Structure formats: C-alpha cells, structure tokens
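Biologist: I would like a close look at a single part of this model, followed outward into its surroundings as far as the coordinates allow. Please take the side chains first and the wider architecture afterwards.

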Amino acid sequence: MAQPSSRLKLLIGVFAGIAIGATLVATLQPASDGSATRESLPELIETPDRSPGKKKESRAPGQPEPYYGELPSLAAVNIRDAVLEVVTKGLDYPWAMEFISETELLITEFSGSLQRVNVEKGTRHRITGLPDITHGKGQLGLMDLALHPDFSENGLVYFSHAVSSPDHDDRYATGLTRGRLEGDTLREVKLLLVAEPYTKSGSNLGGALEFDAAGYLYVAIGDRSINFRAQETDSLHGKILRLTADGEIPADNPFVDDPAVDDRIYALGVRNTQGLVFDAITNLMFQSEHGPMGGDEVNIIEAGKNYGWPVITYGANYTTEKIGLGTAHEGMEQPLYYYLPSIAASPLTIYRGNMFPEWEGHLLVGALRGAHVSKLALVEGQIRSERAILQEAKGRIRDLKTGPDGSLYILVQNGGRLLRLHRAPEQEDLDAPKERQGVTVYRQLCSSCHSSGQKDLVPQINDPAAWENRLAQGSEALYKNTIDGIGDMPPKGLCDNCTDAEIRAAVDFMVKRLRNQG
C-alpha cells in the first residue's frame with residue numbers, strides 16, 4: 001500500500017486535533033456525583049512545555065539535557081527539579097505573612113483582617129479581635145506583622161497599619177499595634193505608636209516591621225509623600241525607628257543624647273520602606289525601598305546612618321525632573337543595590353535553608369510591577385549578580401518567607417494566592433521517557449476547538465462561566481470519559497498516540513486554567 005503524502009499526513013493531524021477537542025467538550029459534561037476536591041485536583045503552576053518529541057536532541061560536550069519542566073526561570077539558574085504549587089488562594093489582598101509553627105502561617109489582608117493558614121492542608125481561619133483598620137483609600141490598610149522573639153511562650157503579635165486622626169477623618173498616620181494571640185482570637189490589643197503628624201496623603205506609609213537578635217523592634221515609617229521630612233530629625237516620617245518590645249525607647253539608640261533628634265529614630269533618609277529582614281548569621285538588617293520613578297533600593301540599615309532621601313537618589317520625579325543633588329553626597333549612604341528601572345520592590349528575605357543550598361545567604365526581593373522575584377547573589381558583603389526568577393508565579397509579589405523545611409513561600413496579590421516553591425527530584429529524571437505536559441497536549445490538539453473563538457459552538461478556555469456545570473463532576477469522571485470515550489466519541493478521540501497520563505494532563509490543564517480565571 002502506498003504511503004500517505006505529507007499533505008495527507010497534515011490533514012490527518014488537523015482532524016485528530018479537532019477530534020480530541022471535541023472529545024473534551026463531550027466528556028466535560030455534568031455528572032450526578034459531587035464537586036472536585038483540592039486533593040483530586042492538585043494545583044501546579046503551568047507554563048509552556050518544550051517537549052523533545054521522539055528524536056533526542058544533540059548536545060555539545062558539557063551541555064546539560066534540555067529542560068522540559070514548568071519553571072524555566074529556575075532552570076536558567078541551574079535548578080531543574082523544583083515545583084511551584086498553590087497552597088491556598090482567594091485571600092483578600094494579602095500583604096504580609098509570618099510562620100507561627102512548623103505548619104501554620106499568619107497572613108494579613110490589606111482590608112483589615114488576619115488569617116491563620118495551614119500550609120499542609122491549605123485551610124484557613126480568620127482571627128478575631130483586631131481593631132477596626134482604616135482602609136479603602138490609596139495605600140491605607142493593614143500591612144506588616146512581626147512575632148515577638150518569644151512568641152511560642154507569650155503569643156505576642158505586632159501589626160503596622162493606617163490610623164485615622166481622631167479630629168479629622170481625612171488625615172492619616174502609620175500606627176503600630178500589639179496583641180496576644182490565643183487560639184483564633186487576639187486579646188490585650190494595644191496601640192503602641194502613632195507616627196504623627198497626621199497628613200492627608202494616603203500613600204508612602206512604610207510599615208515594615210522586624211525584630212533583631214537582641215529583641216528590639218524596628219519600625220519603618222514612610223515619608224508620607226512629603227519628601228523633605230525624611231531629613232527632618234524632629235519628625236518620624238522617612239525614618240527607621242528602634243523600640244523595645246513594649247514600644248519604649250532603648251537606652252542605646254543612636255540619637256538619645258541629641259536634643260535635636262527624636263530618640264526613637266535609628267536611621268533616617270528613607271522614602272517608603274517595604275521590607276526589613278534581620279539576618280542572624282551576619283547580624284545585619286536589610287531593607288527594601290520603593291524609589292520614585294526609578295531607584296528602588298536595597299540597603300543595609302545601621303545605627304545613626306542617613307540614607308539620603310530626598311537629597312540623593314537614583315530615581316527621578318514622576319514628572320521626569322531631577323530630585324535633589326544627584327546620586328551621592330558626603331555623609332549619606334549608598335545602597336547595597338538599586339534598580340533602574342524600578343521593579344516596585346516589595347518585601348525581601350535572605351535565604352537560609354537546606355532545600356536550595358545554591359541560594360544560601362542570597363537576598364530574594366519581591367517585585368510588584370515586575371511580577372517576579374529578584375535574586376541577588378550576596379557574596380562577602382557585595383552583590384555579585386542579579387537575576388529575575390519566578391515569573392511563573394504570574395502576579396505581584398507581596399511577601400517572601402523561608403519555611404521551616406527550606407521551602408520558599410510566596411505571597412501573590414493576584415488571586416490572593418500563597419505559593420510554595422520546593423524541590424521534587426522525581427520531577428527531573430533525565431533518563432526517563434518524557435510525557436507531554438497538559439499544556440502541550442492542549443495546544444497541539446484541544447486548542448483547535450477551545451481556543452478557536454467559536455464560543456457559540458464550543459466552550460472557550462477563556463470563558464469560565466461556560467464550564468461551571470462541566471467542572472462539577474470531578475476529575476476522575478472527566479479522566480474516565482476522555483480516556484474510555486463517551487457517546488459517539490471513541491476512546492481518546494483520535495489521539496491514538498496519547499498516553500493515559502497525557503490525556504489526564506490535558507484535562508488537568510484545562511480545569512486549572514478555568515479555575516484560576518474564575
């Protein structure tokens with residue numbers, strides 16, 4: 001029998017794609033059983049596949065195998081066995097997080113609530129007892145939190161947040177509140193600090209909190225959009241404060257003997273601090289800061305130092321006009337690192353853990369506008385390289401924390417998601433045959449129907465509402481119908497070379513894509 005021509009082969013492939021797309025339409029039909037569960041639909045972050053097909057790619061001596069996983073940004077820094085998974089989602093504008101045990105986190109929500117999240121189960125419970133938090137305008141809301149160094153014994157939790165003036169409800173300041181966590185309730189709630197004066201501005205509150213090894217609490221106050229106050233020594237605006245755990249002034253603060261400087265000030269000349277992290281190994285306090293238009297900074301905060309804002313900066317006004325005297329001035333500190341253009345820096349962490357030894361001692365800086373994590377290789381006190389990673393998180397990075405097992409937890413504003421990055425060596429078995437990922441099967445086959453734009457004929461992947469009834473049946477039923485065939489549709493449609501695992505992956509990809517949009 002004559003072999004089919006190349007054109008005939010192409011047509012066969014096209015019809016196969018249509019058939020498998022139709023199969024998923026037919027099989028994603030409502031069933032009488034219950035809804036899908038988190039266990040039956042594990043959520044992994046999907047990214048485009050780079051499948052090698054059947055032909056092994058040739059490599060030059062010393063080159064690694066091609067990477068076919070879900071996190072190409074990590075493969076680019078030689079981490080090929082990592083997995084990024086969703087712990088929970090649907091948080092209301094999450095802002096900051098702290099581990100309170102091996103398995104639980106506290107997460108602040110900007111609207112003024114606090115959630116306790118179990119990172120193993122993905123469950124969460126709202127903490128009661130918080131005071132009413134001013135929110136709903138600009139950057140006003142509940143921001144950072146910090147745990148007392150003896151939290152396991154005393155349960156003390158500290159929060160930064162916006163405070164409204166008791167005399168003028170359109171004027172605001174940055175506040176610091178402490179409470180004792182008992183179960184799911186905060187008790188003995190006390191306002192420790194209001195960084196007056198109140199101003200009409202709803203921006204640049206700062207709010208980052210951190211304890212050092214000696215048990216002192218550092219509180220970052222933004223310049224409140226009045227930049228010159230960062231240099232005024234009788235104002236708390238544009239400063240890093242250092243307090244005792246009760247909100248009092250430590251006797252060894254750097255300016256306690258200077259009558260011209262507020263005794264609470266530890267460092268000055270900062271614009272809008274987003275993150276503070278103390279590294280117990282080096283005994284250093286690192287800070288991340290929003291610049292103006294350009295000039296986001298990472299600094300090492302030291303007692304009595306002036307970090308220059310607004311006299312010096314690597315940024316410019318939003319009108320593009322120059323700010324201050326330039327980028328350097330006597331008596332003012334240079335940043336450890338700065339970003340041009342800005343990434344809209346959010347909190348940072350210094351990685352200390354066993355899971356990613358390649359990153360030991362490196363700084364990880366979140367990016368809001370940049371929607372990634374900036375990895376700064378810190379070696380002998382200098383930044384040796386910068387690399388943007390984890391664009392696969394697909395959103396504004398609000399906070400970063402290293403978990404007890406060395407996993408990296410990532411709080412993403414978009415979708416209110418908490419993600420966990422961890423290693424799973426079984427993900428990268430280079431000698432094993434590669435299954436096509438769900439996104440690949442979808443793009444090669446199913447997309448001919450579900451991304452065709454023919455929404456009157458076939459439900460489209462970008463229209464979650466059209467799939468509600470189909471999703472209700474649960475994943476096992478969807479797998480079975482697709483693999484075994486249903487109605488007039490043959491098993492696997494016409495995709496004879498698709499494995500069962502590939503069909504399941506295609507269904508999973510579609511379900512996860514739809515749920516993430518919903």
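Biologist: Which side chain is joined to that of N299 by a polar contact of 2.8 Å?

Modeller: The partner is Q287, whose side chain meets that of N299 in a polar contact of 2.8 Å; please keep in mind throughout that this is a predicted model. N299 has another side-chain polar contact, with E297, at 3.0 Å. N299 belongs to strand β16, and with a relative accessibility of 1% the residue counts as buried, the cut-off being under 20%. If sequence neighbours up to four places away are set aside, N299 touches M285, F286, Q287, Y307, Q334, P335 and L336.

The strand pairing gives these contacts a setting. Strand β16, residues 296–301, runs antiparallel to strand β15, residues 284–289, and five bridges join the two. One of the pairs across them is M285 with I301, the latter lying in β16, and M285 is also among the residues that N299 touches. In a regular strand, side chains alternate between the two faces of the sheet.

Both strands belong to an open sheet of four, ordered β14-β15-β16-β17 and paired in the antiparallel sense. The edges are taken by β14 (273–279) and β17 (337–339), each of which has a single partner strand, so one side of each is left without a neighbour in the sheet. From one strand to the next, the twist of this sheet averages 15°.

Another open sheet of four antiparallel strands invites a parallel reading, its order being β6-β7-β8-β9. Here β6 (142–147) and β9 (185–194) are the edge strands with a single partner each, and one side of each therefore lacks a neighbour in the sheet. Neighbouring strands are turned against each other by 25° on average, with direction ignored. Within this sheet, strand β8 (residues 172–182) pairs with β9 through seven antiparallel bridges, and L176 has L193 in β9 as its bridge partner.

L156 offers a useful way into that sheet, as the residue lies in strand β7, which covers residues 156–164. With a relative accessible area of 10%, L156 is buried. Although L156 and L181 are 25 residues apart in sequence, their C-alpha atoms are 6.3 Å apart in space. Beyond its neighbours within four places, L156 is in contact with A146, L147, H148 and F151, and also with R178, G179 and R180.

As for the nonpolar interior, the largest core has 25 residues, and those with the most contacts inside it are L74, L84, F356, W359, L390, I410 and L421. At least two residues of this core come from each of α2 (72–75), β1 (82–88), β22 (397–402), β23 (408–412) and β24 (417–423). Separate from it is a second core of 22 residues, whose members include A96, L130, M143 and L181.

A further region to follow is the run from β3 to β5, where a charged pair crosses between strands. E104 and R116 form a salt bridge in which the closest N and O atoms are 3.0 Å apart. E104 lies in strand β3 (residues 104–109) and R116 in strand β4 (residues 113–118), so the pair ties together parts that are 12 residues apart in sequence. R116 is itself buried, at 12% relative accessible area. On to the next strand, β4 pairs with β5 (residues 124–127) over four antiparallel bridges, and Q115 stands opposite R126 in β5. The hairpin of β4 and β5 has five residues between its strands, and G122 there takes a positive phi near 80°.

The structure holds 18 salt bridges altogether, and others can be set beside that buried arginine. E360 and R352 meet through their side chains at 3.1 Å, N to O; E360 is partly exposed at 37% relative accessible area, and R352 is partly exposed at 28%. The salt bridge between E380 and R384 has an N to O distance of 3.6 Å, and E380, at 74% relative accessibility, counts as exposed. Finally, D81, E358 and R423 are joined into one network by salt bridges that share partners.

Methods
Residues numbered from 1 in each chain as written. Predicted model: local features only at pLDDT ≥ 70, side-chain atom pairs only at ≥ 80, totals over all residues. Heavy atoms only, no water. Pairing = 2+ DSSP bridges. Axes fitted to C-alpha atoms, helices over the stretch in contact; angles between N-to-C directions. Buried < 20%, exposed > 50% of the residue type's maximum accessible area, 1.4 Å probe, protein only. Contact = heavy atoms within 4.5 Å. Salt bridge = Lys/Arg side-chain N within 4 Å of Asp/Glu carboxyl O. Core = buried A, V, L, I, M, F, W, Y, C linked by side-chain atoms within 4.5 Å. Polar contact = N/O pair within 3.5 Å; in protein donor to acceptor, adjacent residues only side chain to side chain.
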